[in-house]
Amino acid sequence: MQAEYLDLNSLREQLVSDGEDVYECDWDSLQRRKRRRGNESNLALLPVEVLSIIATKLEEPTDRMALAETCVLLRAVVVRVRWENAAAALIEIKSDNWDEALLTYGGSTSRISFPENARINLALVLPQLRNLVSIDFGGLEQFSVLDNHIRLLLENCHQIAHLFLSDCVCCTDESLLSLSQYQNVSYFKSLNFDRCCEMSDAGLIPLLQKTPLLQLLSLNLVPLATKALTEVIASNCSKLEVLGLSDTEALSDDALVQIARGCARITSLDLSECVGISEEGLIQFAMERELAGSPVGGFRKLILGSTPAVTDASLYALLTNGQNLSSVQIWSNDQSRPRQCLLQTLDLSSAANISIRSLECLPNCITSNLLTTLNLNHAVILEEDSLSRVGAALAELFKSQQSLETIQMMGGVSGAVQDAVLQSIATHCRSRLETLDLSECHGITDAGAQPIAQYCSKLSNVNFKACVNLTDETIHGFLPTDEESEFVTTSAGPLMPRKRHLRYLNMGLCNKISNASAIQTLSLLCKSSSSPSEGLHTLKLSGCFNISDESLTSISNAIISSTPPQTCSKGSLRLLCFSGCYKLSSPAITDLTNLLPYLESINLYSCPSVTNETVTQIARTCPRLLSLVISKCPVGDVAALSIAQHCQNLHTLYMSFLTAPIGQDATSGGACSHLTDVGVSSLIDGCTSLKLMDLSRCDALTDAAFSCSNWALGLQVLLVRACPLLSFEGMERLVGRSPRLLTLDVLGCAKFSVVDRERLKELVER
């Protein structure tokens with residue numbers, strides 16, 4: 001039998017408590033159903049525990065497959081046993097040795113995706129994945145998937161119907177031409193080439209001409225696409241349901257009309273950052289869709305962020321299949337008007353040309369309680385509209401859409417997000433809301449935020465960054481409560497507090513939160529949870545100047561006392577941000593990181609107690625680090641050497657404006673306490689996955705720091721501002737050896753003239 005899906009990104013967590021739906025299977029009902037049907041299989045009447053033992057003894061895959069095909073009950077038993085065995089084996093696999101997992105279990109897998117920034121030997125693994133129907137390469141290292149890997153995949157996997165190559169920047173038209181010659185090309189249903197910057201019409205057009213059954217096509221940020229490609233999409237992909245063309249210069253009003261006529265089935269559309277289309281073009285597109293017979297209910301997903309053509313009129317046309325009524329009719333609040341749009345996702349981020357009338361229209365244009373995702377980040381409502389009226393429109397929208405799971409309103413929608421809006425969310429969206437981004441909403445206070453924290457029962461991702469009026473009352477709302485807590489009654493009914501385990505919490509720049517409050521809340525949030533996939537994953541407290549060692553000690557104690565220790569926050573807490581928390585001491589930081597071997601990112605910007613010894617300890621105990629920020633800290637070569645030795649998967653490093661004094665570190669055996677060429681060279685040699693490195697204002701660096709043979713392994717961004725000893729000649733040699741380099745910033749380097757900087761920029765862009 002084939003496993004339906006093997007997602008390596010969360011495999012360890014899922015397999016331990018998984019079986020997918022199999023572990024939650026009602027075994028008794030399955031056996032009763034078998035008895036009602038008669039003794040079709042006497043084996044199925046045995047207890048499940050006995051069946052599991054039998055299935056475990058079957059070593060040959062063909063035997064397990066034969067047993068699974070007998071009946072539904074035995075299939076469920078075999079699937080559970082198979083995943084249990086997979087979990088046991090994977091626990092023994094080394095941290096990043098996914099090759100072994102794929103070689104062991106990938107052969108019977110039909111769908112697979114890869115973990116973020118994973119290193120996998122594709123040449124070894126791909127020939128073994130012969131049953132693949134769907135594969136997603138998006139999680140692999142950006143430059144690891146090559147044209148020859150795509151050829152190898154097609155040669156060995158003859159059932160591929162879904163291929164996702166997002167961010168595979170080394171895949172070129174050669175890959176596309178191989179796909180166009182694939183024996184199964186006419187059966188492709190999903191193709192994703194997002195951000196594949198080397199692909200062009202030369203490869204895309206021959207491929208799309210042979211994919212009449214294509215249902216999903218994503219070409220977001222494919223800069224070489226032209227208008228000719230949109231014509232091919234319109235004429236050959238009539239069954240398209242999902243189309244992504246964000247930030248595509250080839251898209252024009254005419255191209256939109258052609259797509260509307262040829263691809264009438266589209267229900268999910270991404271046109272974000274498309275500056276080549278106009279308001280009239282969107283309206284005409286909507287009208288043509290109606291004439292071509294668009295699906296009943298219109299769009300299910302609309303992504304229109306940062307698209308200037310989105311106005312009141314064009315948005316209304318898209319939501320109502322091209323209706324173009326007078327302004328009085330358009331913004332009528334007549335509740336009897338039929339709701340036509342079955343929209344589930346709406347992204348209007350950075351919208352700048354809509355007014356309050358768009359917000360007032362949404363409850364009347366979208367079927368109630370269907371919208372699950374709403375993005376209004378940095379949306380700007382036209383100035384003539386009063387904030388109170390905009391806030392009232394938002395509150396009414398949340399009242400009509402009580403199934404919202406994700407709400408993003410970064411920036412406060414022109415300041416209209418006040419306490420009344422949050423109270424509407426807490427009242428109407430409390431049962432399903434999971435993600436809430438209210439960062440930079442300066443108008444909210446505890447009166448609005450505290451009910452959100454306390455009563456939104458499924459809330460797991462919260463961003464209150466720079467909500468400067470929030471105090472301890474809000475953070476206390478996140479505290480788990482007893483089952484006997486009193487009910488709070490509102491106009492919509494009782495709100496029941498519940499125990500929860502937040503995954504993401506950002507309270508950065510909330511300066512009114514006291515240290516005592518943080519101690520109590522953080523210690524409880526970091527307590528053990530029932531599953532390794534639960535518990536706090538991300539904690540951001542940047543700029544919370546009241547946070548001291550006591551807060552970190554409380555987190556450490558919570559982790560130590562958690563039960564069972566092997567599945568608590570040790571496995572869940574992956575990202576920490578203490579930027580600007582100057583009261584934290586080095587021992588408190590290292591005591592915490594010593595308990596977090598799976599930590600992937602830590603930000604210690606401008607923490608004066610972070611020294612070379614601190615970074616050395618973190619590097620040793622957190623070898624999985626992917627991102628490290630230690631700018632404005634007194635560190636140097638000693639820290640760099642430790643990072644290079646222990647954190648070989650690091651891809652982002654900020655070591656700018658370092659404050660360590662010039663000289664040798666007494667405890668390092670002669671290494672310098674400040675950063676020199678030795679430290680930088682070791683980083684380049686040891687951290688071969690580095691993509692971004694900021695070394696600005698490191699006065700001792702010279703051109704010799706970058707004379708390294710391994711430099712071309714993936715660095716994309718190098719910031720060396722105000723490094724006085726670097727020269728144009730040295731950086732020119734660096735660019736010549738760095739084919740992946742996208743940005744080289746030498747602003748403020750004393751030896752560079754304005755002309756030198758322009759010449760260097762041209763070299764990088766070639």
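Start by selecting Ile 54, which you will find in helix H3, residues 48-57. Ile 54 is partly exposed, with a relative accessible area of 31%. Now add Leu 43, Leu 46 and Val 50 to the selection: together with Ile 54 they make a nonpolar surface patch of about 240 Å². Keep in mind as you go that this is a predicted model.

**The whole chain**

Zoom out for a moment. The protein chain has 30 helices and 25 strands. Of its 766 residues, 56% are buried. The chain exposes about 31,600 Å², and carbon and sulfur atoms supply 50% of that area. Among contacts with a separation of 6 or more, 76% are between residues 24 or more positions apart.

**Helix H9**

Next, select residues 173-180, which form helix H9. Is this helix largely enclosed or largely open? Six of its eight residues are buried, so H9 is largely enclosed by the rest of the structure. To see them, colour Asp 173, Ser 175, Leu 176, Ser 178, Leu 179 and Ser 180, the buried residues of H9. Then show what covers them, including helix H8 (147-156), strand S4 (162-164) and helix H10 (201-208).

**Salt bridges**

Side chains of opposite charge can pair when their charged atoms come close. The structure holds nine salt bridges, and three of these stops follow.

Select Glu 288 and Arg 261 and show their side chains. The two form a salt bridge, with the closest N and O atoms 3.2 Å apart. Glu 288 belongs to helix H13 (residues 279-292) and Arg 261 to helix H12 (residues 253-262), so the pair ties together parts that are 27 residues apart in sequence. Check the surroundings of each partner: Glu 288 counts as buried because its relative accessibility is 10%, under the 20% limit, whereas Arg 261 is exposed, with a relative accessible area of 53%.

Move on to Asp 312 and Arg 357, whose side chains meet in a salt bridge at 3.5 Å, N to O. Here Asp 312 sits in helix H14 (residues 312-319) and Arg 357 in helix H16 (residues 356-365), so this pair ties together parts that are 45 residues apart in sequence. Asp 312 is buried, with a relative accessible area of 8%, while Arg 357 counts as partly exposed at 36% relative accessibility.

For the next pair, select Asp 699 and Arg 697. Their side chains meet in a salt bridge of 3.8 Å, N to O. Asp 699 is partly exposed, with a relative accessible area of 43%, and Arg 697 also counts as partly exposed, at 45% relative accessibility.

**Two buried residues**

Jump to Ser 601, found in strand S20 (residues 601-603). At 15% relative accessibility, Ser 601 counts as buried. Which residues does Ser 601 contact, leaving aside its neighbours within four places in sequence? Show Arg 574, Leu 575, Leu 576, Leu 625 and Ser 627 to see these contacts of Ser 601.

Then pick Ala 619, in helix H26 (residues 612-621). Ala 619 counts as buried, at 1% relative accessibility. Setting aside neighbours within four places in sequence, Ala 619 is in contact with Ser 642, Ile 643, His 646 and Cys 647. Add Ala 639 as well and draw a distance line: Ala 619 and Ala 639 are 20 residues apart in sequence and 8.5 Å apart in space, C-alpha to C-alpha.

**Empty space**

Rolling a probe the size of a water molecule over the atoms shows where empty space is left. The structure holds three cavities of 30 Å³ or more. For the second largest cavity, select the residues that line it: Asp 703, Phe 706, Ser 707, Gly 730, Met 731, Arg 733, Leu 734 and Arg 737. About 50 Å³ of space lies in this cavity.

Finish at the second largest pocket, which has a volume of about 430 Å³. Of the 16 residues that line this pocket, select Glu 198, Pro 739, Arg 740, Leu 741 and Leu 742, which lie nearest its centre. Which helix gives the most to the lining of the second largest pocket? Select residues 754-765: this is helix H30, which gives the most to the lining, with three residues.

Definitions and conventions:
Residues are numbered from 1 along each chain as its sequence is written. This is a predicted model: local features need pLDDT of at least 70, side-chain atom pairs count only at pLDDT 80 or more; totals for chains, interfaces and linings use all residues. Side-chain values use heavy atoms; hydrogens and water are left out. Patches are made of residues with over 30% relative accessible area and no salt bridge: like charges are joined within 9 Å, nonpolar side chains (Val, Leu, Ile, Met, Phe, Trp, Tyr) within 5 Å. Accessible areas come from the Shrake-Rupley method with a 1.4 Å probe; for residues, only the protein chains shown count as cover. A salt bridge is a side-chain nitrogen of Lys or Arg within 4 Å of a carboxyl oxygen of Asp or Glu. Helices (H or I, at least four residues) and strands (E, at least two) are DSSP runs, numbered from the N terminus. Buried means under 20% relative accessible area, exposed over 50%, partly exposed in between (1.4 Å probe, protein chains only). Contact means heavy atoms within 4.5 Å. On a 1 Å grid over the protein atoms alone, a cavity is a set of points where a 1.4 Å probe fits but cannot get out, and a pocket is an open set with protein on both sides within 12 Å along at least five of seven lines; lining residues have an atom within 4 Å of a point. Grid points are joined across faces, edges and corners, and a volume is the space filled by probe spheres set on the points.
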